[in-house]
Amino acid sequence: MDCVIAVYRSRNVALRVYSRLEQLGYTCSVISTPRSANVGCGLSVKISVADFENLRGKLSSIESFVGFFRLMYTNGKTLVTRA
């Protein structure tokens, strides 16, 4: 299943974003930022592609935001592209 990650420069910010999204009822998780993204603090917030459109503006306006990346899983490999 494909997903989108929001990458931040601060671990603390990533954890606060995750906590707030959970409080709002979104399905999300904290994951290690894939090395192939080559950015950020090491933690990212993973959201569904469906929720991405609703959250795009809100998540990108938060301090230390780096960018969105789409993770596509095929044949046991993960392809990372900018979203």
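Here are legends for a few close-up views of this predicted model.

**View 1. Helix H1 and its buried side.** H1 is 13 residues long and spans 19 Å from its first C-alpha to its last, close to the 18 Å expected at 1.5 Å a residue. Look for Val13, Ala14, Val17 and Leu21, the buried residues of H1. Down the helix axis they fall within an arc of 100°, so they line one face of H1. That pattern is no surprise, because an α-helix has 3.6 residues a turn and residues three or four places apart point the same way. What do the buried residues of H1 pack against? Their partners are S1, strand S2 (28–32), S3 and H2.

**View 2. The two ends of H1.** At the N-terminal end, serine 10 acts as a cap: one of its side-chain oxygens sits 3.2 Å from the backbone nitrogen of asparagine 12. After H1 comes glycine 25, with a positive phi near 95°.

**View 3. Arginine 9 in its loop.** You'll find arginine 9 in the loop between S1 and H1. Is arginine 9 buried or exposed? It's exposed, with a relative accessible area of 59%. Arginine 9 and glycine 42 are 33 residues apart in sequence, yet 8.2 Å apart in space, C-alpha to C-alpha.

**View 4. Helix H2 and its two sides.** H2 (residues 49–60) tucks away Asp51, Phe52, Leu55 and Leu59 as its buried residues. Seen down the axis, these fall within an arc of 105°, so they line one face of H2. Their cover includes strand S1 (3–8), helix H1 (11–23), strand S3 (43–48) and strand S4 (65–74). Turned away from that buried side are the exposed residues Glu53 and Asn54.

Technical notes
Residues are numbered from 1 along each chain as its sequence is written. This is a predicted model: local features need pLDDT of at least 70, side-chain atom pairs count only at pLDDT 80 or more; totals for chains, interfaces and linings use all residues. Side-chain values use heavy atoms; hydrogens and water are left out. Buried means under 20% relative accessible area, exposed over 50%, partly exposed in between (1.4 Å probe, protein chains only). Helices (H or I, at least four residues) and strands (E, at least two) are DSSP runs, numbered from the N terminus. The arc is that of the directions from the helix axis to the C-beta atoms. Contact means heavy atoms within 4.5 Å. The expected span of a helix is 1.5 Å times one less than its number of residues. A polar contact is a pair of N or O atoms within 3.5 Å; within protein, one must be able to donate a hydrogen and the other to accept it, and residues adjacent in sequence count only if both atoms are side-chain atoms.
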